[in-house]
Amino acid sequence: MTFLRNAWYAACWATDLLPGETLAKTILCDPVVLWRDSAGDPVALEDRCCHRHLPLSLGRVTEDTIQCGYHGLEFGADGDCVKVPGQGKVPPGAQVRSYPVIEKYSMVWIWPGEASRADEGAIPELPWLDSPGWVSTGGHIHMKADYRLLIDNLLDLTHVTYIHKNTIAGDPQEALVPVSTARDGDAIRVERWMLGFTAPPMYDLARKFDGKVDRWQLIKWQAPSTVTLDIGCADADTGAPSGDRSQGISMWSNHIITPETETTTHYHWAFARNYKLDDVEVSEVLAKGGLQTFMEDVVVLERQQEALGTVGDRPVVDINIDNAPMQFRRILGDRIAAENNSVAAG
Amino acid sequence: MTFLRNAWYAACWATDLLPGETLAKTILCDPVVLWRDSAGDPVALEDRCCHRHLPLSLGRVTEDTIQCGYHGLEFGADGDCVKVPGQGKVPPGAQVRSYPVIEKYSMVWIWPGEASRADEGAIPELPWLDSPGWVSTGGHIHMKADYRLLIDNLLDLTHVTYIHKNTIAGDPQEALVPVSTARDGDAIRVERWMLGFTAPPMYDLARKFDGKVDRWQLIKWQAPSTVTLDIGCADADTGAPSGDRSQGISMWSNHIITPETETTTHYHWAFARNYKLDDVEVSEVLAKGGLQTFMEDVVVLERQQEALGTVGDRPVVDINIDNAPMQFRRILGDRIAAENNSVAAG
Amino acid sequence: MTFLRNAWYAACWATDLLPGETLAKTILCDPVVLWRDSAGDPVALEDRCCHRHLPLSLGRVTEDTIQCGYHGLEFGADGDCVKVPGQGKVPPGAQVRSYPVIEKYSMVWIWPGEASRADEGAIPELPWLDSPGWVSTGGHIHMKADYRLLIDNLLDLTHVTYIHKNTIAGDPQEALVPVSTARDGDAIRVERWMLGFTAPPMYDLARKFDGKVDRWQLIKWQAPSTVTLDIGCADADTGAPSGDRSQGISMWSNHIITPETETTTHYHWAFARNYKLDDVEVSEVLAKGGLQTFMEDVVVLERQQEALGTVGDRPVVDINIDNAPMQFRRILGDRIAAENNSVAAG
């Protein structure tokens, strides 16, 4: 059991769910079909007709039902079959599973656990993804690796020197700046302040920095699988470490991760910025740079997954940088165990 | 056990078995090599040399033997090894399995069960495939799905509206015409008469119908896996329902189905007609239309098979149209069970 | 257990291991990374970082270490981790397996068994691969079949008539010349002398033979998986059978075979000749002809492997030509069993 089921997961970017279309996604090993009803609200059903198992995603969306592509059975948003062509009565038990689903922060969120426990308040806070004054650039990567390997990766800044040596690896001195790791309720924070450095070229695109800057990298993991990085820089000694970012720029690097299966992952990423909102060049640089950088991680994580498949449970040696990854795995593992125990206890 | 072994199955169209060539086919999970002896008669042997297991289909056909492509051992039509290069004597036990095989109705038929029980009379009746006054157009589709899913599909006419909406789906009123289902010995018949409708365009190719027509769709399943559809139309009220088809045209749509494995199938299909025998355009329209239409089924059935692989034995909900498919599965299932019991009792 | 572990295996041709590069090879199911240290000596380590399992072959070679591509851990030739970035101390147990490795006869040899038992003297004798007066042409074929099927093939000359009918199959009379098979310690010799035949075209490239020749094919298998063929011809009746080859030419056909997995194989082959050393045309003819011929075997052996996967342990019928293959399998099988017993007793 590597999944927490009673939690919200991003099913897709809201713009990827088109009115009138079906979207098939496997989420925590469940085949799911997503569509929008006549009000435009997202619906998520089991992607399997209860009649002869054809995926409903091969069918078509009517006003407020999805119609199976084989024999035309129709299902509403609650999963109940409402029509069987050629007969007046719908047979008892004709229904498919319906999942709680919410559109928020420019994403469609799904709850694969017990529907009665779905609480909108439990969606991770990502307001910059749909707030005025912010603009986002991002995408979706399908990754052939366990989603936890990606969280390990994001909670560790030292890999940047090795994996990203062709993209974002910076001043080797940065790697020596200490990192602080802390538990914050059920979240983990990993933070690094680099004071009095030269601004990296990426930030120059945003705003000219003539002198030294203070830079920050503030990482937060929220269960089960969202990692946000609050990154930016400001003119040195203008108060950024104590909260005054007025002389600098900020960006949120968002990593919204959904297990597809035990060994494959939907990786949604986005940069949200609060400067040069309409500057297409900045958006393009971030879109291209983000994809290139995160694919460097994905290539390594997929090879790591392959190796894990071969070596099985062979022990690993831990080092100092594993502090945050090990903490996140402990918290998540405890919650998964508790969930399974409560299911077993019934 | 999803196969009835003591039965004839179509191995291939007769024209696909060329003199001097080997043809490898897996039939009911058995690897088989087919070839023709010097008299042109088809032979079917286990596709495995008894020496070191190389498929004999990689070898070559001599006058009346097949010669292994590795060390040159030769086998006759009865499966006995008749020559081992480099030694005078053939060692005891040097033989491969030989299957009863018959060429009939433009097909090569094989009997994968006990040879002593092979009875030519048990080949399904398909005389229109090689009788004077008839001409056929057809082909072979390799399908990645259980052969029984295809029989389900052919015994149910309601899917036409949904699967074939881009090809043969017709007047929505047709779907309302009642269907009769009946058991006829070990066969199943599903029949529909549509009286006083407009002739569909396909029939106009054959013969101009100015007024209304009476149409028929008479489906018959014969164990284990042949489905024929007697389809056609005649001028309305000229006696077609009672047997006089002189004012109309007929066509047989033949579906001769051979399990390759539990989840893959050789799908042989052909349209046989008794009109415009030499009209190449009609033949082309039927060949193209048939392939396009049946591939629409195959695409759906393959996705259904994938879904079945995922959900396993999860229960299904049955509806009215499942009457004929459920009857065929009961008859076939009983015969398979009886065969296995008799083997066990053996 | 189909492998003898306490033995030398060719990991690669020496020229395929480039300074500064990593080379990943699976050998007897072990993932191995090969590289050269600053002195140019080959190193073979387990291809897995002890930290988080990423293959080390994705990293890079420094002076005398290999550096992991994820977090920068560095390992020396003995497999010990010598550096963990960001911390002063290397944690206990941070090491990967190191394999004995030797460069000899233009190949890099690896010992997958107990390191303490690795004895350079046990490398098969192949001096013509790097001796003055000899020149070699060869390559590497990746084969999807059990390495023992290839040894079977090489110890049997009768297959030439059937598998190589388009390349090297010669005078059908040759196939009638008797073959002698003998055990020589732990080696097997299969020998054939063809006296008073016409020289085959391939030898004419080397030296014009006007009259009849005496030809020889002297095959030797050395455990675990090296097969050499001493082949050539000389003017008839000039004493070749008793050792005087001065009136002829010789070539060694070398087959140096390394199991990759139970069902896949690294097939290294080379022709070594002691004539026309600088003749590029002769080298090209041999390179092209060798590859074409040996691929004919590989195609058949891969199909044989597929068939074995299907039929499992179904019995085979043995014939006379199986004498040498059966002897080699007995000797090798006994040594593998002894090795496993000694491990079990250990």
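Reply: Copies are superposed by least squares on the C-alpha atoms of residues with pLDDT of at least 70 in both. This is a predicted model, where local features need pLDDT of at least 70, side-chain atom pairs count only at pLDDT 80 or more, and totals for chains, interfaces and linings use all residues. Residues are numbered from 1 along each chain as its sequence is written, while chains are lettered from A and ligands numbered from 1 in the order in which they are written.

Me: What makes the relation of chain C to chain B that of a three-fold axis?

Reply: A turn of 120 degrees with a shift of 0.1 Å along the axis lays chain C on chain B, with an RMSD of 0.0 Å. That is therefore the relation of a three-fold axis. In chain C, C:Gly309 has the C-alpha nearest the axis, 13 Å from it.

Me: Why do strand S15 and strand S16 of chain B count as paired?

Reply: Strands (DSSP runs of E, at least two residues, numbered from the N terminus) pair if DSSP finds at least two bridges between them. S15(B) (residues 213-222) and S16(B) (residues 226-235) have 10 bridges in the antiparallel sense, so they pair. B:Arg215 stands opposite B:Cys233 in S16(B), and the two strands form a hairpin with 3 residues between them.

Me: How do you know that S16(B) pairs with S17(B)?

Reply: Here 9 bridges join S16(B) to S17(B) (residues 248-261), so the definition is met. These strands run antiparallel, and B:Val227 stands opposite B:His255 in S17(B).

Key:
Helices (H or I, at least four residues) and strands (E, at least two) are DSSP runs, numbered from the N terminus.
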